[in-house]
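Q: Hey, I'm new to this one. Can you walk me through what's in it?
A: Sure, let's have a look together.

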Amino acid sequence: MKKTALVSALCLTALAGCAGPTGAATGSTTAKTDARTTARTNAATGAAGTAGAALGSAAIAWKTCTGLTGPDGKPAAPDPTLQCGTLAVPLDYSRPGGRRIDLALIRVKATGDRLGSLVFNFGGPGGSGVDTLAMAARAFAALGTRYDLVSFDPRGVERSAGVRCGGDVEAILNATDGAGGDKAVRRFVAACRKDSGKVLPHVGTVDAARDMDRIRAALGDAKLNYFGLSYGTQLGAVYATHFPKNTGRIVLDAAYDPSGTFADRAVIQATGFATSFAAFAEDCVAKGCDLGQDPAAVKKTVETFVDGLRDKPLKVGKRTLTHALGQLGVITPLYAKATWPALEQAVAAAVKGDGAMLLALADTYTGRRADGTYATMLTSMQAITCADTSERPTPAQAAAINRKIKKIFPVLATNGTVPPCAHWPVPGDNAAKRIDATGSAPIMVVGAKGDPATPYRWAVSLTARLRTGSLLTYEGEGHGAYLSGSACVAQHVNTYLLTGKLPPRDTSCPAA
């Protein structure tokens, strides 16, 4: 059994939990698509802003949350500090009087003198903001003294008309490469069309930004105060581009720049993960490493084990640690330096025949719950990814990109993978690539030098593209600087969100 075709396609650039894969389109086709998209966007944005402004705070009926998922993947106990509600929005903004969908929201009310609401998107695309804020609210307690902390499941995600594609995600994760993988992807796409066909054309990031303006108005806020992480930085940048006069204090941490080709982004991310893995290997050896006596030996141990899963997957109880899941198990703990020890322990155990820990790490990425069911993370990611680009790589282009990745970071390499968005039933567009935020309030962009998933160069380039961007640099490791443990980063971000004061230009914080 070899690598799953769907996960192979997504892994090329979606491992960040942020970026969607794109391929090379001809200039003429892209220009025509962008022209049509811009016209539709301008009309729909105006309608959304007008309608949103009239909503008022009564549009959301808040009540005690139910049905939340805890960090262990099991149902969470009721928490009286959490309030949940829904907001009806148009499915198709070009037809505001047509079918509506309900966006699921969550709120933690301010504990002190309230400034307003602070809306979060924690990444994805496809992550549940409702479940994540329920688990992470304490980490943002300093901001919760003055703000109502608010998040939501974006359209196409979980409770907000979540994209569902049949009930057997495990089968997709265990699908093979080549003709077998292509057949599995076709079945998957057919299931997406059957279960979520009416939603698929309307799950792109521009529509999610329109939803955020509806949320802002429904919360009773004149301006949107926003904290976006990973993919959430793209969503925030798109919002500021389409609604610049409605922007308040916006922080974009673990910044992602959606410009460039699919190949460019895949190579940049592979380089980021390779750099972070090298730092992990050095740290592991310095502390006494079970994977090797020097960084080169650690690298060889991990690469050899993961590659061996192609032909000899590892049984873990009634389940199987496939090559794709092994890749995810290795990549996931690279996101934060605090989880590097878990990577050492998981691979060391797997080499000895016990793949349980590595499989559990992969499950945190795929959204597998304790009862064996899955959140919509993977299906939502696929749908949003394909909606946000008109590009569809050919098999030859995907193979060429994979050859580059194999030279940079072999752990991410695939064999005969099906191209991203292959056979997808809905054509995407490039509206979510247009970012400039002309006329918006100042935007704080935060980038970590050791971020594997959204490498630092994207923080630099996104800041340059945002006419009002200001960059804060973190010299340490990890995907996302605010929660890295850096008191310096936390102080600057909190000061900006609570007072509106930005740090001096080119401010840098040392590694924690």
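**Two helices that cross**

A: Let's start with a helix pair: the axes of helix 7 and helix 8 (residues 231-242) come within 9 Å and cross at roughly 70°. Keep in mind that this is a predicted model.

Q: So how is helix 7 oriented relative to helix 8, parallel or perpendicular?
A: Roughly perpendicular: that crossing angle falls between 65 and 115 degrees, so helix 7 counts as roughly perpendicular to helix 8.

Q: Which residues make the contact?
A: From helix 7 you have Thr205, Val206, Ala208, Ala209, Met212, Asp213 and Arg216. Helix 8 brings Tyr231, Gln234, Leu235, Val238, Tyr239 and His242.

Q: And how do the residues of that contact divide into nonpolar, polar and charged?
A: Between helix 7 and helix 8 there are eight nonpolar, three polar and two charged residues.

Q: What about Asp207, where is it?
A: Asp207 sits in helix 7, which covers residues 205-218.

Q: Buried or exposed?
A: Asp207 has a relative accessible area of 10%. Buried means under 20%, so Asp207 is buried.

Q: What does Asp207 touch?
A: Setting aside residues up to four places away in sequence, Asp207 touches Tyr93, Arg155 and His202.

Q: Let me zoom out. How many helices and strands are in the protein chain?
A: The protein chain has 17 helices and twelve strands. Of its 512 residues, 59% are buried. As for the outside, the chain exposes about 19500 Å², with carbon and sulfur atoms supplying 55% of that.

Q: What about contacts between residues at least 6 apart in sequence?
A: Of those contacts in the protein chain, 78% join residues at least 24 apart.

Q: OK, strands next. What do they form?
A: Ten strands form an open sheet, in the order 1-2-3-5-4-6-7-10-11-12, and the pairing is mixed.

Q: Which are the edge strands?
A: Strand 1 (63-64) and strand 12 (508-509), and each of these pairs on one side only.

Q: Which helix packs on the sheet?
A: Helix 17 does, touching strand 4 (116-121), strand 5, strand 6 (224-229), strand 7 (247-253), strand 10 (443-450), strand 11 (469-477) and strand 12. The direction of helix 17 makes about 165° with that of strand 7.

Q: Tell me about strand 3. How many bridges join it to strand 2?
A: Nine bridges join strand 3 to strand 2 (residues 82-90), and the two run antiparallel. One pair to look at is Gln83, whose bridge partner in strand 3 is Arg107.

Q: And how many bridges join strand 3 to strand 5?
A: Four, and strand 3 and strand 5 (residues 147-152) run antiparallel. On that side Arg107 stands opposite Val150 of strand 5, while Ile106 stands opposite Ser151.

Q: How many residues of strand 3 are buried?
A: Seven of the nine residues in strand 3 (residues 100-108), so strand 3 is largely enclosed by the rest of the structure.

Q: And strand 5, how many of its residues are buried?
A: Six of six, so to speak: strand 5 is mostly covered. Tyr147, Leu149 and Ser151 are buried on one side, and Asp148, Val150 and Phe152 are buried on the other.

Q: How do strand 4 and strand 5 run, parallel or antiparallel?
A: Parallel, with five bridges joining strand 4 to strand 5. Leu118, for example, has Leu149 in strand 5 as its bridge partner.

Q: Back to helix 17. Where does Cys488 fit in?
A: Cys488 lies in helix 17, which spans residues 487-499. Cys488 is partly exposed, with a relative accessible area of 23%.

Q: What is Cys488 in contact with?
A: Leaving aside neighbours within four places in sequence, Cys488 contacts Ser508, Cys509 and Pro510. Cys488 and Ser508 are 20 residues apart in sequence, and their C-alpha atoms are 8.7 Å apart in space.

Q: One last thing: at what angle do helix 11 and helix 13 cross?
A: The axes of helix 11 (residues 323-331) and helix 13 (residues 356-366) cross at roughly 85° and come within 7 Å. That makes helix 11 roughly perpendicular to helix 13. Among the contact residues are Leu325 and Gly326 of helix 11 and Leu358 and Tyr365 of helix 13. By class, this contact has eight nonpolar, three polar and no charged residues.

Methods:
Residues are numbered from 1 along each chain as its sequence is written. This is a predicted model: local features need pLDDT of at least 70, side-chain atom pairs count only at pLDDT 80 or more; totals for chains, interfaces and linings use all residues. Side-chain values use heavy atoms; hydrogens and water are left out. Axes are lines fitted to C-alpha atoms, for helices over the stretch in contact, and angles run from 0 to 180 degrees between N-to-C directions. Angles under 35 degrees count as roughly parallel, over 145 as roughly antiparallel, 65 to 115 as roughly perpendicular and the rest as oblique. Contact means heavy atoms within 4.5 Å. Ala, Val, Leu, Ile, Met, Phe, Trp, Tyr, Cys and Pro count as nonpolar, Asp, Glu, Lys and Arg as charged, and the others, Gly among them, as polar. Buried means under 20% relative accessible area, exposed over 50%, partly exposed in between (1.4 Å probe, protein chains only). Two strands pair if DSSP finds at least two bridges between them. Accessible areas come from the Shrake-Rupley method with a 1.4 Å probe; for residues, only the protein chains shown count as cover.
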